[in-house]
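Visitor: I would like a close look at one part of this model. Please keep to the charged side chains and the way they pair.

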Amino acid sequence: MSIKRFTFKHLGRLLVELLVLLAIYLLGCQVAIWLAWPIPGGVIGLGLLLLVFASGLIKPAALQLGAGLLMAEMLLFFIPALMSLLDYGGLLRHDGWRIMLVIALSTLMVMLVTAFTVELVCRWKLRHEA
């Protein structure tokens with residue numbers, strides 16, 4: 001078993017990347033408040049992150065370490081939501097299958113839209129590189 005050593009440089013880079021991601025998220029939340037849009041700030045923040053990547057201001061690889069940490073620990077973000085389900089046992093017994101159906105269909109839709117978007121972007125990129 002290998003132990004990964006963290007240096008101060010590595011830790012500093014991780015903190016900077018996490019701060020950049022947090023700043024983009026907070027900016028998205030502020031934009032949602034300013035414009036009074038019914039869109040969550042996190043979604044607007046993702047849009048802002050996409051714009052930053054598309055404009056070339058920041059390369060995706062520059063935030064890979066921080067994003068990787070967040071993705072690796074994503075389960076921790078869902079534990080409070082899962083624990084709150086314990087308070088709604090009756091609702092889950094009565095309408096649980098409907099909730100699961102909505103979750104399954106919406107997940108499938110997100111996966112399909114993502115796949116088609118990636119396919120379109122790849123085709124567009126190949127056409128414009130030649």
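Let me begin with one residue. Which word fits glutamate 17, buried or exposed?

Guide: Glutamate 17 is buried, and its relative accessible area is 3%. Buried here means under 20% relative accessible area, exposed means over 50%, and partly exposed lies in between (1.4 Å probe, protein chains only). The model is predicted, so local features need pLDDT of at least 70 and side-chain atom pairs count only at pLDDT 80 or more, while totals for chains, interfaces and linings use all residues. Residues are numbered from 1 along each chain as its sequence is written, and side-chain values use heavy atoms, with hydrogens and water left out.

Now the partner. The side chain of glutamate 17 meets that of arginine 13 in a salt bridge, at 2.6 Å from N to O. The term asks for a side-chain nitrogen of Lys or Arg within 4 Å of a carboxyl oxygen of Asp or Glu. Side chains of opposite charge can pair when their charged atoms come close. Arginine 13 and glutamate 17 both belong to helix α1. They sit four residues apart, about one turn of the helix. Helices are DSSP runs (H or I, at least four residues), numbered from the N terminus. The two ends of this bridge fall into separate classes: glutamate 17 is buried, whereas arginine 13 is partly exposed at 44% relative accessibility.

By this rule the model has three salt bridges. Move on to helix α5, residues 89–129. There, aspartate 95 and arginine 98 join their side chains in a salt bridge, 2.5 Å from N to O. The spacing is three residues, about one turn of the helix. Arginine 98 counts as partly exposed, with a relative accessible area of 42%.

Stay on helix α5 for another pair, arginine 123 and glutamate 119. Their side chains form a salt bridge at 2.9 Å, N to O. These residues are four apart, again about one turn of the helix. Arginine 123 is exposed, with a relative accessible area of 51%. Glutamate 119 is partly exposed, at 39%.

To trace the pairs on the structure, start in helix α1 with glutamate 17 and arginine 13. Then go to helix α5 for aspartate 95 with arginine 98, and for glutamate 119 with arginine 123. Back to your residue: glutamate 17 is the buried end of its bridge, at 3%.

Note on methods: Helix = DSSP H or I, 4+ residues; strand = E, 2+ residues; numbered from the N terminus.
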